[in-house]
Amino acid sequence: MSGQAIDTNAMTLIRYVLAEQKKFPGATGDLTALLNSILTACKAVSSAVRKAGIAKIFGIVGQTNVQGEEVKKLDVLANDLFINMLKSSYTTCLLISEEDEQVIEVETDKRGKYIVCFDPLDGSSNIDCLVSIGSIFAIYRKQTSPGPPTEQDGLQSGKNIVAAGYALYGSATMVVLSTGNGVNGFMLDPNGKPYGARYIGSMVADVHRTLKYGGIFMYPATKDSPNGKLRLLYECNPMAYIIEQAGGLASSGKIPILDLVPEKIHQRSPIFLGSREDVEEILDLYKQFEK
């Protein structure tokens, strides 16, 4: 009888986070609980994405989000899943989502010390053509003194990131995570086959390919988008953090992405990230043409 060997000692994402937690004697376990809630949201979104075609939940809702983009039913579902899971983790005090114009304050009795910025479903316009999509998140600590959280608490540079990651919903579902000690990937479906992709306009898929195979991901400033298209807090910052943890570079073309101090929660920025040599080559070109 033939069959696949079963790994009875697999390193799961939560097992990995618990092992990391043990390295810090004073750790409260709050970050572990928060990451577990994010993982649960990603699993639920993954399931919804795979059922989208059958359940016909990828149709247009008839609304537009704060970016002026059409909101799809799956966007709404993913956003609700993330918000509900993050609030119920009792570890967060403020949430910033691409889908909501204002910051989301967590109820007083559920508040913790963390702030989460997230894009619940990046690349959702690609669902209909079966292109890989994903979720992106970055976690910060509340920096100010005790008291109700404010929008200002969320306007932190990427240097303050505690952990960041993304989930890729492709031929298999994979979560890529960094807690400040390198980058690790975790596959939800161990039987999923690797996928191949070129530039497809989905940030998660394109950055994931860059992370695996090298090269560069670019979304520069253009005449139509002078500030770039991607949002700093929940797209540029978490991806820049992951790429730099993996040994690469991320820049706006002028300064490192993680050095940018946001002034608005939906602020945009040009971005160049990927292999160190490739990004440095782009930065050299910028310097040449600025003269």
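User: Let's start with a rule: two strands pair if DSSP finds at least two bridges between them. In what order do the 3 strands of the antiparallel open sheet come?

Analyst: This is a predicted model, in which local features need pLDDT of at least 70, side-chain atom pairs count only at pLDDT 80 or more, and totals for chains, interfaces and linings use all residues. Residues are numbered from 1 along each chain as its sequence is written, and side-chain values use heavy atoms, leaving out hydrogens and water. Helices (H or I, at least four residues) and strands (E, at least two) are DSSP runs numbered from the N terminus. E10 (216-219) and E11 (249-251) each have a single partner strand, so they stand at the edges with one side lacking a neighbour, and the order is E10-E12-E11.

User: What is the average twist from one strand to the next there?

Analyst: Angles here run from 0 to 180 degrees between N-to-C directions, using axes fitted as lines to C-alpha atoms (for helices, over the stretch in contact). From one strand to the next, the twist averages 5°.

User: Which residue of E12 stands opposite Met 218?

Analyst: E10 runs antiparallel to E12 (residues 271-274), and the pair shares 4 bridges. Across from Met 218, the residue in E12 is Phe 272.

User: Which helix lies across E11 and E12, and how many of its 14 residues are buried?

Analyst: Buried means under 20% relative accessible area, exposed means over 50%, and partly exposed is in between (1.4 Å probe, protein chains only). H6 (residues 232-245) does the job, running at about 30° to E12. Its buried residues include Leu 232, Tyr 234, Cys 236, Pro 238 and Ile 243. H6 is largely enclosed by the rest of the structure, because the buried count is 12 of 14.

User: Now the 7-stranded open sheet: which strands stand at its edges?

Analyst: This one has mixed pairing and goes E4-E3-E5-E6-E7-E8-E9. Each edge strand has a single partner, so one side is left without a neighbour, and that describes E4 (104-105) and E9 (184-187).

User: What angle does H3 make with E5?

Analyst: H3 (residues 73-87) packs on that sheet and touches E3, E4, E5 and E6, where contact means heavy atoms within 4.5 Å. Among its buried residues are Leu 74, Phe 82, Ile 83 and Leu 86. The direction of H3 relative to E5 (114-122) comes out at about 160°.

User: And which strands of that sheet does H5 touch?

Analyst: H5 (residues 203-213) packs on the sheet too, with its direction at about 105° to that of E7. H5 also lies across E10 and E12, at about 150° to E10. On the 7-stranded sheet, the strands touched by H5 are E5, E6, E7 and E8.

User: How far apart are the end C-alpha atoms of H3?

Analyst: The expected span of a helix is 1.5 Å times one less than its number of residues. H3 has 15 residues, so it should span 21 Å, and the distance in the model agrees at 21 Å.

User: Is Tyr 90 buried, partly exposed or exposed?

Analyst: Tyr 90 sits in the loop between H3 and E3. Although it isn't a glycine, its phi is positive, about 60°. Its relative accessibility is 47%, which means Tyr 90 counts as partly exposed.

User: For the chain as a whole, what share of the 291 residues is buried?

Analyst: The chain carries 7 helices and 12 strands. Of contacts between residues at least 6 apart in sequence, 60% join residues at least 24 apart. Buried residues come to 48%.
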